[in-house]
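Please take me through this structure one selection at a time, saying at each stop what to pick in the viewer and what is to be found there.

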Amino acid sequence: HMVGGRFDRARIELRRVYRDGRLPVHRMMALQFLGNVYDSATDYTRANECYEEVLGSGMLEVEPRFMTALLNLAMNCTTVGLAAKGVQYFSDLVSRFPASVTQLRSTLVQKPEFSAALARQSELHETLRRKVPALFAA
């Protein structure tokens with residue numbers, strides 16, 4: 001549904017899977033995708049709530065695919081002006097997934113909203129370069 005632009009239908013279906021799913025990994029995947037739907041609508045507050053719940057579930061320790069919830073949370077916090085949280089989440093991302101740094105850098109380059117937020121906040125961009133050089137050093 002999300003691919004077809006039917007975000008309302010996607011939200012309904014993902015909530016159903018989250019509510020009724022038998023396996024925790026399926027429930028958390030649905031919640032992560034629900035966060036992505038909210039991201040697409042620039043509803044970062046709701047998206048972050050989804051990502052925080054995914055991270056709080058402990059599934060990241062079991063299933064590395066959930067690192068995208070941490071990445072999205074870091075980008076969203078940075079985008080909406082929660083700089084300290086964003087920096088911490090990016091630092092956590094690098095320390096937990098050092099082998100994925102190249103992939104993460106590539107993903108960040110493909111996010112225009114995030115790039116625009118950094119362009120507007122040169123001090124934050126410099127802080128990220130200094131504190132998370134693996135992702136932000138030139």
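Begin with S106, which lies in helix α7, the helix made of residues 101-109. Since the model is a predicted one, what follows describes computed geometry. With a relative accessible area of 35%, S106 is partly exposed, because partly exposed covers the range between under 20% for buried and over 50% for exposed. Add V94 to the selection and draw a line between the two C-alpha atoms: S106 and V94 are 12 residues apart along the chain, and their C-alpha atoms are separated by 14 Å.

**Into helix α6**

Now select L93, whose place is in helix α6. Is L93 buried or exposed? L93 is buried, with a relative accessible area of 0%. If residues up to four places away in sequence are not counted, L93 touches M67, L70, L71 and L104. A distance to R129 may also be displayed, as L93 and R129 are 36 residues apart along the chain and their C-alpha atoms are separated by 15 Å.

**The nonpolar core**

Widen the view to the largest nonpolar core, which has 41 residues. Those with the most contacts inside this core are F90, L93, L108, L128, V132, L135 and F136, and the helix that gives the most to this core is α5, with eight residues. As background, nonpolar side chains in soluble globular proteins tend to be buried together. From that list, select L135 and show what surrounds it: leaving aside its neighbours within four places in sequence, L135 is in contact with F90, V94, V101, L104, R105 and L108.

**Helix α5 against helix α6**

Next, colour α5 and α6, the latter being residues 83-96. Two packed helices are described by the angle between their axes and the distance between the axes. The axes of α5 and α6 come within 7 Å and cross at roughly 155°, which means that α5 is roughly antiparallel to α6. The crossing in which α5 passes α6 is left-handed. To see the side of α5 that takes part, select M67, L70, L71, L73, A74, M75, C77 and T78, which meet A83, K85, G86, Y89, F90, D92, L93 and R96 in α6. Sorted by class, the contact of α5 with α6 has 11 nonpolar, two polar and three charged residues.

**Helix α5 against helix α2**

Keep α5 (residues 67-79) on display and bring in α2 (residues 24-40), for the axes of these helices come within 10 Å and cross at roughly 30°. This angle makes α2 roughly parallel to α5, and α2 passes α5 in a left-handed crossing. The residues that make the contact are Q32, N36 and D39 of α2 together with T68, A69, N72 and N76 of α5. By class, this contact of α2 with α5 has one nonpolar, five polar and one charged residues.

**Helix α2 against helix α1**

Leave α2 selected and add α1, which covers residues 7-20. The two helices α1 and α2 pack at an angle of about 155°, with their axes 8 Å apart, and are therefore roughly antiparallel to each other. The crossing of α1 and α2 is left-handed. On the α1 side, the contact is made by F7, A10, R11, L14, R15, V17, Y18 and R19, and on the α2 side by H26, R27, M28, A30, L31, F33, L34, V37, Y38 and S40. In terms of class, the contact of α1 with α2 has 12 nonpolar, two polar and four charged residues.

**From T42 to N48**

Follow the chain to T42, which is found in the loop between α2 and α3. Most residues other than glycine have a negative phi. T42, although it is not a glycine, has a positive phi of about 55°. Then select N48, placed in helix α3 (residues 44-56). N48 is buried, with a relative accessible area of 8%. Leaving aside its neighbours within four places in sequence, N48 is in contact with L73, N76 and C77.

**Last stop: P64**

Finish at P64, in the loop between α4 (59-62) and α5. At 46% relative accessibility, P64 counts as partly exposed. Draw a final distance from P64 to R96: P64 and R96 are 32 residues apart along the chain, and their C-alpha atoms are separated by 9.4 Å.

Methods. Residues are numbered from 1 along each chain as its sequence is written. This is a predicted model: local features need pLDDT of at least 70, side-chain atom pairs count only at pLDDT 80 or more; totals for chains, interfaces and linings use all residues. Side-chain values use heavy atoms; hydrogens and water are left out. Axes are lines fitted to C-alpha atoms, for helices over the stretch in contact, and angles run from 0 to 180 degrees between N-to-C directions. Helices (H or I, at least four residues) and strands (E, at least two) are DSSP runs, numbered from the N terminus. Angles under 35 degrees count as roughly parallel, over 145 as roughly antiparallel, 65 to 115 as roughly perpendicular and the rest as oblique. A crossing is left-handed if the near helix is turned anticlockwise from the far one by less than a right angle, and right-handed if clockwise. Contact means heavy atoms within 4.5 Å. Ala, Val, Leu, Ile, Met, Phe, Trp, Tyr, Cys and Pro count as nonpolar, Asp, Glu, Lys and Arg as charged, and the others, Gly among them, as polar. A nonpolar core is a set of buried Ala, Val, Leu, Ile, Met, Phe, Trp, Tyr and Cys residues joined through side-chain atoms within 4.5 Å. Buried means under 20% relative accessible area, exposed over 50%, partly exposed in between (1.4 Å probe, protein chains only).
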